[in-house]
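This briefing summarises a protein structure for use at the bench. The points that follow are grouped by topic and are best read alongside the displayed coordinates.

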Amino acid sequence: MARVKVRKTKFTIPSKYLLLIMTILCIALMILTFTTDAVTGPLEAVSGYIIIPFQDGISEVGMFLTSRKDNIKKMNELIAENTSLQEQVDSLTIENSMLQQDKYELSRLRELYLLDEQYSDYEKVGARVIGMDPGNWFSVFLIDKGTNDGISVNMNVMSGSGLVGRIVEVGPNWATVKSIIDDSSNVSAMVLSTSDRLIVTGDLETMNDGMIRFEQLRDEDNQVAEGDQLVTSQISDIYLPGLTIGYISEINNDPNNLTKSGYLTPSVDFKRLDTVLVILDLKQTVAE
């Protein structure tokens, strides 16, 4: 006959009930401890094994929770402080950027002021550059002044240390400027030190090296040299006389041995134009 194996069921108490029982037992022992003297000895012994470790555990938990609370409080304070500091950094960064812009603006206005003083005989109006043709150079660009400000076609435009170009188209509150570096630009010029005349021609390709061309220079006495200043000549139909164009950077003899040609460095930075002066006097009016 087969023997039936009986499996004994293991009795277990859920942990939450065990904790409840332990708590009730501890409370009961504490009450007995304080209300009776007869069992002081045994109860003290029991409390030494049960109540005190239990109290120590509760104390540890309390200390942990207090420490956790303090850490969370400190962390929140640090987060708030970091946010405040970041706001201050952002504010100072914006302020510094504005100061840099103001410094640059002041420098540009100082240049225009000196330019205005240099050519004080002419009436002028300041204007901002508001647009340009695609590319790296301000060969053709738009300004924010027009006929409402007394501007008309062929008025000369200056910036930095000299001539930029001329007005080629104008509207009520805008005007288009063609600069002397544009491929279609030609300026009648002369060497300031010798009065020898020549033609300055725009060339965007050579402007990549920071220069434009000049040609038809008659230097019969071989007095013209690198570094000489070039200005607009008296015989120009459009440009007022004596406006600085640039400085000779290279000079060569032409094959005909009668004229010379070469390159000049413009006195204006045609990569960074933001403000200009428009001379309101036309060459035809001044000549009369």
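In the antiparallel pairing described below, N252 stands opposite S261 of strand 11. The model is a predicted one. Its protein chain contains four helices and 12 strands, and two sets of six strands are considered in turn, after the setting of strand 11.

**Strand 11 and its partners**

- Strand 11 spans residues 260-266 and is mostly covered, with five of its seven residues buried.
- Strand 10, residues 244-253, is joined to strand 11 by seven bridges, and the two strands run antiparallel.
- Besides the N252 and S261 pair, G246 has P266 of strand 11 as its bridge partner.
- Strand 8, residues 212-217, also pairs with strand 11 in the antiparallel sense, here over four bridges.
- Within the pairing of strand 8 and strand 11, L217 stands opposite K260.

**The turn between strands 10 and 11**

- Strand 10 and strand 11 form a hairpin, with six residues between them.
- N257 lies in the loop that links strand 10 and strand 11.
- The phi angle of N257 is near 60°, which is a positive value in a residue other than glycine.
- For context, most residues other than glycine have a negative phi.
- Is N257 buried or exposed? N257 has a relative accessible area of 66%, and because the cut-off for exposed is over 50%, N257 counts as exposed.

**The barrel that includes strand 11**

- Six strands close into a barrel in the order 6-7-8-11-10-9, with antiparallel pairing.
- In this barrel the twist averages 40° from one strand to the next.
- Strand 9 covers residues 229-232, and T232 lies in strand 9.
- T232 has a relative accessible area of 0%; the cut-off for buried is under 20%, so T232 is classed as buried.
- A polar atom of the T232 side chain lies 2.5 Å from the backbone oxygen of L240.
- Leaving aside residues up to four places away in sequence, T232 touches ten-odd positions that need not be listed in full; among them are L163, V187, S188, A189, Y239, L240 and I245.

**The second barrel**

- Another six strands close into a barrel in the order 1-2-5-4-3-12, and here too the pairing is antiparallel.
- The twist in this barrel averages 45° from one strand to the next.
- Strand 1, residues 124-132, and strand 2, residues 140-143, run antiparallel and are joined by three bridges.
- M132 has F141 of strand 2 as its bridge partner.

**N154 and its surroundings**

- N154 is found in the loop between strand 2 and strand 3, the latter being residues 156-159.
- Phi of N154 is near 80°, a positive value in a residue that is not glycine.
- The side chain of N154 makes a polar contact of 2.7 Å with the side chain of R166.
- Not counting residues up to four places away in sequence, N154 touches R166, I167, I238 and L282.

**The nonpolar core**

- The largest nonpolar core has 47 residues, and those with the most contacts inside it are F141, I143, I151, I167, I180, V200 and F270.
- Strand 12, residues 275-279, supplies the largest share of this core, namely four residues.
- In soluble globular proteins, nonpolar side chains tend to be buried together.
- I167 touches I143 and I151, and its other contacts include V153, N154, M155, V157, A175, V177 and V278, with residues up to four places away in sequence not counted.

**The chain as a whole**

- Of the 288 residues of the protein chain, 32% count as buried.
- The accessible surface of the protein chain comes to about 18700 Å², and 55% of that surface belongs to carbon and sulfur atoms.
- Among contacts in the protein chain with a separation of 6 or more, 58% are between residues 24 or more positions apart.

Terms used
Residues are numbered from 1 along each chain as its sequence is written. This is a predicted model: local features need pLDDT of at least 70, side-chain atom pairs count only at pLDDT 80 or more; totals for chains, interfaces and linings use all residues. Side-chain values use heavy atoms; hydrogens and water are left out. Buried means under 20% relative accessible area, exposed over 50%, partly exposed in between (1.4 Å probe, protein chains only). Contact means heavy atoms within 4.5 Å. Accessible areas come from the Shrake-Rupley method with a 1.4 Å probe; for residues, only the protein chains shown count as cover. A nonpolar core is a set of buried Ala, Val, Leu, Ile, Met, Phe, Trp, Tyr and Cys residues joined through side-chain atoms within 4.5 Å. Two strands pair if DSSP finds at least two bridges between them. Axes are lines fitted to C-alpha atoms, for helices over the stretch in contact, and angles run from 0 to 180 degrees between N-to-C directions. A polar contact is a pair of N or O atoms within 3.5 Å; within protein, one must be able to donate a hydrogen and the other to accept it, and residues adjacent in sequence count only if both atoms are side-chain atoms.
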